[in-house]
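Here's a quick look at a helix and a couple of pockets. Have the viewer open as you read.

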Amino acid sequence: MKPIYKTIVAAIIGIFAITNLNAQKTSNELEVVNQLASQPAVVNMPVSQLLNAPGNEALRDFFFKPVKDKTVLKGKKIAVIAADGFEEIELLYSVWYFKQLGAQVDIVAPKFNPAPARYGLVYPEMSKTHIMAIQYLQPVGWIKFDKTADQIKVNDYDAVFIPGGAWNPDNLRYDKDVIKFLQDFNKSGKLIAAICHAPVVLASADILKGRKLTGYWNIQVDLKNAGATVVDEPVVTDGNIVTSRHPIDVADFSRAVESWLTKH
């Protein structure tokens, strides 16, 4: 065999050896990664399932009974502050009702602020314009927001509404623009409404001392630690703060917001 051919054969053998080594390495890495990752699953709870569940007859009637006066909240502007992980039912149900009554509603989200690259997170492009909805901790969809928290002013709105969701409030309570806005809004005496896990955002804003309110059962100790008196009721109104516990209370909660806004 000529020297040149020997060189070529040696090179080919070397490439196969490196490829085989890399394949073994890749196989080992994949085995580790597969052990670190859970299996993907998509769960979706149809709206009809909640509305038709036993014991939710009043909730069903609330949404299916036509609104008689669609001008009750005409001229009122409501800012809905939410982030990734908001409870779909609590946001969409309440917003639907407020709009039925004639209110103008803006969905407001924190300014897009991706985590450092070393966290290994990948964000879809729509994260810059949408926030992710969940149903009891299961991601189910996205909705487009209208503004970011750094763009809104107290004078622009008559009320602020924060939906729950286990990690939506956690995202909100770390955002400086959201906290500053809530503090200023509270000083104005205008309505602040929060349901489910959302009252913990008010705790982070340090506006709960001496107030009476409710919230999701898992966060009630946090509300007490923030200086509030906590009761286990579907909805509680104390001054300019309206709070509620759970998606099944959304009808009572929405009516309480309506009542507050029509009286003030």
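## Helix α4 and what follows

Right after α4 comes Gly 102, with a positive phi near 100°. Keep in mind that this is a predicted model. The helix itself covers residues 88-100, so to speak 13 residues in a row, and its first and last C-alphas sit 18 Å apart, close to the 18 Å expected at 1.5 Å a residue.

Which α4 residues are buried? The list runs to Glu 88, Ile 89, Glu 90, Leu 91, Tyr 93, Ser 94, Val 95, Tyr 97 and Phe 98.

## The largest pocket

If you're hunting for space, the largest pocket has a volume of about 810 Å³. It is lined by 25 residues, and Ala 83, Asp 84, Asn 113, Tyr 123 and Asn 171 are the closest to its centre. Two elements, β4 (130-135) and α5 (168-172), give two or more residues to this lining, with β4 giving the most at three residues.

How does the lining of the largest pocket divide by residue type? There are 16 nonpolar, four polar and five charged residues.

## The second largest pocket

The second largest pocket holds about 200 Å³ of space. Its lining takes in Asp 61, Phe 62, Lys 65, Pro 66, Val 67, Lys 68, Asp 69, Val 72, Tyr 97, Leu 101, Arg 255 and Glu 258. Tyr 97 links back to the helix above, where it is one of the buried residues of α4.

Both α3 (57-64) and α9 (250-263) supply at least two residues of this lining. By type, the second largest pocket's lining splits into six nonpolar and six charged residues, with no polar ones.

How values were computed
Residues numbered from 1 in each chain as written. Predicted model: local features only at pLDDT ≥ 70, side-chain atom pairs only at ≥ 80, totals over all residues. Heavy atoms only, no water. Helix = DSSP H or I, 4+ residues; strand = E, 2+ residues; numbered from the N terminus. Buried < 20%, exposed > 50% of the residue type's maximum accessible area, 1.4 Å probe, protein only. 1 Å grid on protein atoms, 1.4 Å probe; cavity = no way out; pocket = protein on both sides within 12 Å on 5 of 7 lines; lining within 4 Å. Points joined across faces, edges and corners; volume = space filled by probe spheres on them. Nonpolar A, V, L, I, M, F, W, Y, C, P; charged D, E, K, R; others polar.
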